[in-house]
Amino acid sequence: MQLDFESRVFETRVVSMGETTERIVAGGRHLFPLLPKAFEGVRQIGVIGWSSQGPAQAQNLRESLEGSDIRVVVGLREGSASMAEAEAVGFTRENGTLGEMYSVCAESDLVLLLISDAALAQNYTRIFAVMRPGSTIGLSHGFLLSHLQSIGEDFPTDMNVIAVCPKGMGPSVRRLYEQGREVNGAGINSSFAVHRDIDGRATDYALAWSVALGSPYTFQTTLESEYRSDIFGERGILLGAVHGIAESLYARFTGKGMPRDEAYINTSESITGPISKTISRSGLVAVYEELDDAEKEAFRKAYCASYHPAREILEEIYDDVASGNEVRSVIQASNRFDRYPMGNIDSTDMWRVGETVREDEGRNYAPINAETAGVYMACMMAQVDLLKDRGHPYSEIANESIIEAVDSLNPYMDYRGVSYMVDNCSTTARLGARKWAARFDYILKQQAFVRLDDGEELDDSLFDDFLNNSIHQVLTVCASLRPSVDISVVPTRRG
């Protein structure tokens with residue numbers, strides 16, 4: 001995928017990513033004075049919705065634009081329970097920054113549609129009808145494009161259509177922005193896409209939106225590429241797969257006689273603690289290099305046994321997303337919520353044991369379990385390789401498969417378990433994680449672990465491919481574009 005863009009406001013740079021180059025914008029608070037110029041023609045930004053992304057984006061934009069003439073107004077359904085939450089952080093009817101969603105859509109120059117995907121699929125016709133010609137539709141997810149494609153419809157032709165997609169859940173977008181007050185550049189990376197540009201301003205609108213959210217760097221994609229990688233990624237290693245991997249390994253270790261608390265520490269805690277932190281700070285290969293010789297052999301075997309079973313499920317997920325089947329399943333599931341709402345995903349023995357383990361707030365003793373690391377990273381690399389094979393740009397691959405996992409999402413599972421991570425995300429992500437986690441759990445038990453226990457000969461070339469993968473250079477470049485700031489899920493958190 002060859003992409004390029006120009007900005008009349010922000011300095012851009014070209015970076016080498018593997019065998020390709022990409023143009024990016026590096027963010028930072030020193031760029032906030034440029035935002036009014038980049039938002040030329042925008043007097044009001046409407047933030048529609050108050051679920052995962054809405055609170056973070058509304059507050060970040062308001063703070064970044066403080067002192068300018070641009071107002072940030074939140075639009076919600078009349079009578080929504082979220083009205084009180086928005087008022088609690090200063091968006092009120094009295095000061096003109098809170099209103100009914102359709103009215104806010106009609107009055108705003110840039111309308112950020114951050115309601116749930118299913119609600120957007122139900123309400124987009126009325127939203128587009130009340131928006132003014134010449135205004136700009138803003139999305140943080142390509143879900144709506146997939147839905148429109150599936151029913152043969154399109155966006156209005158007299159409006160800009162842009163997307164800025166933070167590579168992390170809304171609470172992470174807000175938390176790292178707050179940390180950025182102390183360390184300039186702390187934040188969540190974002191992709192941007194310009195789907196329609198009617199006035200030559202769409203690119204700078206998107207870049208300004210991303211900079212205002214606190215993105216350390218912003219990279220280009222297309223709306224179609226974004227929704228495919230994003231919906232796919234959250235069903236894969238970001239949410240669904242990591243849940244299934246942890247469950248399968250916990251059952252494996254306890255089945256072999258490991259005490260339950262140690263099994264939790266060697267699975268979930270190992271992934272969200274030393275494995276994620278090592279990847280974040282030093283890269284993927286560093287995890288392997290920290291092991292002794294016997295552990296390296298265990299890692300290699302687990303990696304080679306798990307790669308293809310994980311890849312098989314990932315191929316199915318990607319095909320379902322690309323065909324529109326997964327988007328349709330989200331809408332169908334949402335229509336069943338009145339009869340069958342989403343159930344709990346942290347009531348099994350593993351996560352109950354985890355509650356006890358996490359009571360030790362000073363804990364920092366989980367090891368890099370070699371088998372856990374091998375299984376987890378095999379799935380991660382299978383996702384990287386699949387996205388590369390399907391033509392996605394390296395920035396998107398790195399963020400959707402690795403950076404978002406270790407820097408944004410896993411810290412939440414580390415803090416309070418799998419439900420706290422998954423259920424802080426969008427409805428689409430929550431549904432996908434629940435649907436696919438069991439598939440990863442099943443295939444690992446049925447295929448990968450059987451191969452390990454039977455001593456089956458493994459394909460060692462998979463491990464060589466891992467060591468020589470170009471994603472390692474890409475991660476080095478990505479790491480250079482942000483300050484070394486680990487997200488603090490709460491103000492006081494163990495190191």
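Which residue stands opposite T218 in β10? In this predicted model, the residue opposite T218 in β10 is S190, and the close-ups below start from that strand.

**View 1. Strand β10 and its two neighbours.** Strand β10 covers residues 217-220, with Y217 and F219 pointing one way and T218 and Q220 the other. Whichever way they point, these four side chains are buried. On the parallel side, three bridges join β10 to strand β9, residues 190-196, and here S190 stands opposite T218. To get from β9 to β10 the chain passes through helix α8 (residues 202-213), making a right-handed β-α-β crossover. Strand β2 (residues 20-26) is joined to β10 by three bridges too, but these two strands run antiparallel. Look for I24, which stands opposite F219 in β10.

**View 2. A salt bridge from helix α8 to the start of the chain.** Staying with helix α8, find D204, which forms a salt bridge with R8; their closest N and O atoms are 3.7 Å apart. R8 sits in the segment before β1 (13-17), and the two partners are 196 residues apart. D204 is buried, at 4% relative accessibility, whereas R8 is exposed, at 56%.

**View 3. Helices α2 and α7 meet through E63 and R174.** The side chains of E63 and R174 form a salt bridge, with 3.6 Å from N to O. E63 belongs to helix α2 (residues 54-64) and R174 to helix α7 (residues 170-179), and they are 111 residues apart. E63 is partly exposed, with a relative accessible area of 24%, while R174 is buried, at 13%. Both are members of a salt-bridge network that also takes in R29, R175, E178 and R181.

**View 4. R434 and D423, a pair around the start of helix α19.** In this salt bridge the closest N and O atoms are 2.9 Å apart. R434 lies in helix α19 (residues 427-454) and D423 in the loop between α18 (418-422) and α19, so the bridge ties together parts that are eleven residues apart in sequence. D423 is partly exposed, at 25% relative accessibility. If you would like to look for others, the whole structure holds 37 salt bridges.

**View 5. Two cysteines without a disulfide.** A search of the whole structure finds zero disulfides. For C379, the nearest cysteine sulfur is that of C304, 15 Å away. C379 is buried, with a relative accessible area of 1%. The sulfur of C425 is 14 Å from the closest cysteine sulfur, in C165, so the two are too far apart for a bond. C425 is buried as well, at 12%.

Methods
Residues are numbered from 1 along each chain as its sequence is written. This is a predicted model: local features need pLDDT of at least 70, side-chain atom pairs count only at pLDDT 80 or more; totals for chains, interfaces and linings use all residues. Side-chain values use heavy atoms; hydrogens and water are left out. A disulfide is a pair of cysteine sulfur atoms within 2.5 Å. Buried means under 20% relative accessible area, exposed over 50%, partly exposed in between (1.4 Å probe, protein chains only). Two strands pair if DSSP finds at least two bridges between them. A crossover is right-handed if, with the strands pointing away from the viewer, the path from the first strand over the helix to the second runs clockwise. A salt bridge is a side-chain nitrogen of Lys or Arg within 4 Å of a carboxyl oxygen of Asp or Glu.
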